[in-house]
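Q: I have a new model open and would like to practise reading salt bridges and pockets. Could you walk me through them?

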Amino acid sequence: MPSADQQGELDHFFLLSQDMLCCIDFRGALLNVNPAFERMLGRRAEELIGRPCGVIVEPDDHPIIERALARIHQGEQIEPFDVRAKSQTNALTWLEVSAFADGEVIYVIARDITERKTSEQQLVLLERSVESSTNGVVIVDALADDLPMVYVNKAFETITGYTRDEALGRNCRILQGDETDASTVKQLRRGIREQRDVHVMLRNVRQDGTSFWNDLYVSPVRDEQGRVTHFIGVQNDVTAQREYQAQLRHNANHDALTGLPNRQLLNQRLSQGCMLAKRYRRHVAVLFIDLDDFKPINDSLGHDVGDFILISVARRLEEELRPWDTVARIGGDEFIVLLPDLAMEQDVIQVVERLLRRIAEPYWYQDKALHITASIGIGTDNGSMAKPRSLVQQADLAMYKAKRRGRNTYQWYTDELNHRVSERVSLRHALQTAIEQEQFELHYQPQIDGASGEVVGVEALIRWHHPECGAISPAEFIGMSEETGQIIPISEWVLNQACRDAVHINDGARRPLVMAVNISPTQFQRPGFVASIERVLKETGLAPALLEIEITEGVLMESLENAIEALKKLSALGVHIALDDFGTGFSSLSYLKRLPINRLKIDRSFISDVTHDEHDAAIVEGVITMSLKLGLEVLIEGVETAEQFRYLHQRHSTFMQGYYFARPMPLAGLDDYLSRFDWPRALKDAGIDSP
């Protein structure tokens, strides 16, 4: 038994120790716990004393405790063991437990080793993830003297010739030799010293003394406090590729960022490839690769991240190709792959599909996963093409076709594609001329109140009469103008002209007529859109209540909150707001209660078969019922036949618009139409008795 002084010291140690201390009997019941025990598990001593120690241990670990108690009871000394303890909130903490008996009491000391366990688990996960990699992977301990290797994968053993046992515990300088460039080693060491990513090409030496070119990436690994604990090196034996490229490489022929060949060197190799294809009756393929949505990543996350993506894509492309293939960066996020010496054109497909999959894999930047895809255009030739560089142009055209087909895909070049692209270029130039010379005209289609039979408004619709080609449908140029940005000046002209014409129309109207103007997503999302509406209303003198802007659900896709804020400002001005083409987009009902809109426009696609398609009829019925419940007006588009009008009029008192009442017409024709519109005749022609 300890003396009184010794017992006092033990009690003092028991109370002040930062380790978890407790006493238990041989049945495992808790006799006492120290404050650190209470603090770390969030449990009070009075809640625990007298209860089995298993109440604080994860049930799966109970057998470990039981075996330890049995051995101690038999008088054995036990080695420290690990168990998981449960806190008051059931959070698990890994503990390293030491225990010994003194008389009838077992003294237990427990230390929190959760952080160590987590590190061990992460290291195991990393080892499993990279063990099958074809690249050599090495991890060094940044906190230990001389940065010893603590892990190497099988590819490292294959590349360097060093077994895992021979490498672990040693510094990576064992791979350096007389041919290793001192300045490159200095660059590598500087990057490690500054604890940043570094990429170098080293002339290294294998265990058997042979040299190899090592394409090495080194990245720091940081813990939760931002402290660098390890460095990861990823190596690739590029000896054959290096020797092949060394004969052609020159600083002027390579991209500064990625180290890939540039357009000049690509053209040289393309000419060589076409010549060999013709001589040996083979095929050559050009892949034009453009990263999808790279600009948002570059703009929002910064150019450092953008450069990281570009470099990583470049490396992945190189890794997936044969040594004699070529990957070039020709600017921005555009890459070109040259595949010479193909037996058949179809051989390119497996390469393209492999590249798409590889590019789409996550890019880890500072422990964050970034995702990006690519669109690929394919041009092929058997060497007969007079100008090999035309292959690049063909692949470029095909790439844009892939973009329009949904991205993350590929398309072949065809003569038809070339013809359509040429037409598109011509149309774009003609459209710019039309903007500058104001070749557009607005036509107006009346909107009818189905309850009163009065014309209550008109929708402004743009028309383009080309001096040589005649009338060009908006379907042919509006979509393209959205892509090119030409929609902005077009939209501004439409808004100004429509407001001026609305003032003219209302000067002689029997009742106020609302002017409905379509607003493109690009125009709506442009900074200052609300201010531009205010300016036009002020300049033209049109009352805000006589202007209705029609938006599609597309304007909500970019930023719903910003869209709602802009619409609230327009509503506060007194401008009417209509949601156009309802039901054809993503049509989330959740935003209807939040949007300050006045009217829903049911798309014409639901009206064409409404008289004999029960599904379309149910959709129309449902939308109208819902809108009325929400206090919204409903306008039905595309009412073209007497049968449709009769069906709708007999069931719904809504606003209507369509060819049955009038086709879109110039302003001069609208004046005449308003003066002679005959609602009773419209009813009679549809076989509806006048009230």
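Q: Happy to start with one pair: with which residue does D146 form a salt bridge, and how far apart are the closest N and O atoms?

A: Keep in mind that this is a predicted model. The general idea is to look for a side-chain nitrogen of Lys or Arg within 4 Å of a carboxyl oxygen of Asp or Glu. Here the partner of D146 is R173, with the closest N and O atoms 2.8 Å apart. This pair links distant parts of the chain, 27 residues apart. D146 sits in the loop between β6 (136-141) and β7 (149-152), while R173 belongs to the loop between α7 (164-167) and α8 (182-193).

Q: How should I describe D146 and R173 in terms of exposure?

A: Use the relative accessible area: under 20% is buried, over 50% is exposed, and values in between are partly exposed. D146 has 47%, so the label is partly exposed. R173 gets that label too, because its relative accessibility is 41%.

Q: Which residue forms a salt bridge with R227?

A: That is D223, and the closest N and O atoms of the two are 3.1 Å apart. As for exposure, R227 counts as partly exposed at 46% relative accessibility.

Q: What is the N to O distance between the side chains of R44 and E47?

A: They meet in a salt bridge at 3.1 Å. R44 is partly exposed, with a relative accessible area of 46%, and E47 is partly exposed as well, at 30%.

Q: How many salt bridges does a search of the whole structure find?

A: The count is 37. When you go through them, check which residues are joined into networks. One such network of salt bridges links D82, E96, R116, K117 and E120.

Q: Now for pockets. How much space lies in the second largest pocket, and which residues lie nearest its centre?

A: Begin with the volume, then turn to the lining. The second largest pocket holds about 900 Å³ of space. Its lining has 22 residues, and Y400, R407, R424, E483 and T484 lie nearest the centre.

Q: Which element gives the most to the lining of the second largest pocket?

A: α14 does, with 5 residues. The elements that each supply at least two lining residues are β11 (283-292), α11 (294-301), α14 (390-404), α15 (415-437) and α16 (474-484).

Q: What is the make-up of that lining by class?

A: Sort the lining residues into nonpolar, polar and charged. For the second largest pocket, the lining has 12 charged, 8 nonpolar and 2 polar residues.

Conventions. Residues are numbered from 1 along each chain as its sequence is written. This is a predicted model: local features need pLDDT of at least 70, side-chain atom pairs count only at pLDDT 80 or more; totals for chains, interfaces and linings use all residues. Side-chain values use heavy atoms; hydrogens and water are left out. On a 1 Å grid over the protein atoms alone, a cavity is a set of points where a 1.4 Å probe fits but cannot get out, and a pocket is an open set with protein on both sides within 12 Å along at least five of seven lines; lining residues have an atom within 4 Å of a point. Grid points are joined across faces, edges and corners, and a volume is the space filled by probe spheres set on the points. Helices (H or I, at least four residues) and strands (E, at least two) are DSSP runs, numbered from the N terminus. Ala, Val, Leu, Ile, Met, Phe, Trp, Tyr, Cys and Pro count as nonpolar, Asp, Glu, Lys and Arg as charged, and the others, Gly among them, as polar. Buried means under 20% relative accessible area, exposed over 50%, partly exposed in between (1.4 Å probe, protein chains only).
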